[in-house]
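Visitor: I should like to take a close look at one part of this structure. Could you take a single sheet as the starting point and then describe its surroundings step by step?

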Amino acid sequence: MLTDPIADYLTRIRNAALAKHKVVEIPASKMKKEITKILFDKGYILNYKFEDDIFPKQIKIALKYHPTTKESAMSKLTRVSSPGLRKYVGATELPRVLNGLGIAIISTSKGLMTDKEARALNIGGEVICYIS
């Protein structure tokens, strides 16, 4: 039994990137699907596929690497808010990751979004993770 499925999701991606795997399979949930869509939209992963026809449902993520140096597009994945200690921020306190070069994923009343989108909409929420 997992107590923090989002931390498990981030750890699986981090471990696969360190081992230079091309594809990683992760058990699916609605929040993990939304985080995956954000990672794809921001260019941190190459592609993804939701496999809803099998049980348990899976997410297949194709990791992205630099063509010459073979370094992962994601250098750092950090879980911020955990089940034991939630981290909430207001619209004026939204974090900047690497002075705007990275992203923070925020869970708001309007759904999951990046820190830049939340700043534009002037809403705060729970800080899920930092990605750079």
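Guide: The account that follows begins with a sheet, continues to the helices and rings beside it, and ends with the cores and some backbone details.

The model is a predicted one. The sheet chosen here is open and consists of 3 strands in the order β1-β3-β2, with antiparallel pairing. Strands β1 (23-27) and β2 (45-51) occupy the edges, and each has a single partner strand, so one side of each is left without a neighbour in the sheet. On average, neighbouring strands of this sheet are turned by 20 degrees against each other, direction ignored.

The pairing of β2 with β3 may be followed in more detail. These two strands run antiparallel and are joined by 6 bridges. Within this pairing, E51 stands opposite Q58 in β3. Q58 belongs to strand β3, which comprises residues 58-63. Is Q58 buried or exposed? The relative accessible area of Q58 is 13%, and a residue counts as buried when this value is under 20%, so Q58 is buried. Leaving out residues up to four places away in sequence, Q58 touches E25, I26, P27 and A28, and also K49, F50 and E51. As background, side chains in a regular strand alternate between the two faces of the sheet.

The loop between β2 and β3 contains P56. A cis peptide bond links F55 to P56, with omega at about -5 degrees.

Two helices accompany the sheet. Helix α1 (residues 5-18) lies across β1 and β3 and runs at about 165 degrees to β1. Helix α2 (residues 30-41) packs on the sheet and touches β1, β2 and β3, while its direction makes about 155 degrees with that of β2.

Next come the aromatic rings. A pair of aromatic rings is described by the distance of the centres and the angle of the planes. The structure holds 2 aromatic pairs. One of them is formed by F40 and Y48, whose rings are 5.3 Å apart from centre to centre with 75 degrees between the planes, an edge-to-face arrangement. In the pair of Y48 and F50, the ring centres are 5.0 Å apart and the planes stand at 45 degrees, so this pair is tilted. F40, Y48 and F50 together form one aromatic cluster. How exposed are these residues? F40 is partly exposed, at a relative accessible area of 32%. Y48 is also partly exposed, with 25%, and F50 is partly exposed with 24%. F50 has a further partner, for K33 lies over the face of its ring, at 5.3 Å from the ring centre.

The view may now be widened to the nonpolar interior. The largest nonpolar core has 24 residues, and those with the most contacts inside it are I13, L39, I61, L63, M74, I105 and I131. At least two residues of this core come from each of α1, β1, α2, β3, β6 (103-108) and β8 (125-131). Helix α1 gives the most, with 6 residues. I105 offers an example of the contacts involved: apart from neighbours within four places in sequence, I105 is in contact with I35, I38, L112, M113, E126, V127, I128, C129 and I131. A second, separate core of 9 residues includes V89, V97, A104 and I123.

Strand β8 merits a separate description. This strand is mostly covered, since 6 of its 7 residues are buried. Strand β6 pairs with β8 in the antiparallel sense over 5 bridges, and S107 has E126 in β8 as its bridge partner. Strand β4 (residues 77-79) is also antiparallel to β8, with 3 bridges between them; here T78 has Y130 as its bridge partner. Strand β5 (residues 88-89) pairs with β8 over 2 bridges, again in the antiparallel sense, and V89 stands opposite G125.

Two backbone details complete the description. K20, in the loop between α1 and β1, has a phi near 60 degrees, a positive value in a residue other than glycine. At 43% relative accessibility, K20 counts as partly exposed. N122, in the loop between α3 (115-121) and β8, likewise has a positive phi near 60 degrees and is not a glycine. The relative accessible area of N122 is 55%, and N122 is exposed.

How values were computed: Residues are numbered from 1 along each chain as its sequence is written. This is a predicted model: local features need pLDDT of at least 70, side-chain atom pairs count only at pLDDT 80 or more; totals for chains, interfaces and linings use all residues. Side-chain values use heavy atoms; hydrogens and water are left out. Helices (H or I, at least four residues) and strands (E, at least two) are DSSP runs, numbered from the N terminus. Buried means under 20% relative accessible area, exposed over 50%, partly exposed in between (1.4 Å probe, protein chains only). Contact means heavy atoms within 4.5 Å. Two strands pair if DSSP finds at least two bridges between them. Axes are lines fitted to C-alpha atoms, for helices over the stretch in contact, and angles run from 0 to 180 degrees between N-to-C directions. Rings of Phe, Tyr and Trp (its six-membered ring) pair if their centres lie within 6.5 Å; planes under 30 degrees apart count as stacked, over 60 as edge-to-face and the rest as tilted. A charge sits over a ring if NZ of Lys or CZ of Arg is within 6 Å of the ring centre and within 35 degrees of the ring normal. A nonpolar core is a set of buried Ala, Val, Leu, Ile, Met, Phe, Trp, Tyr and Cys residues joined through side-chain atoms within 4.5 Å.
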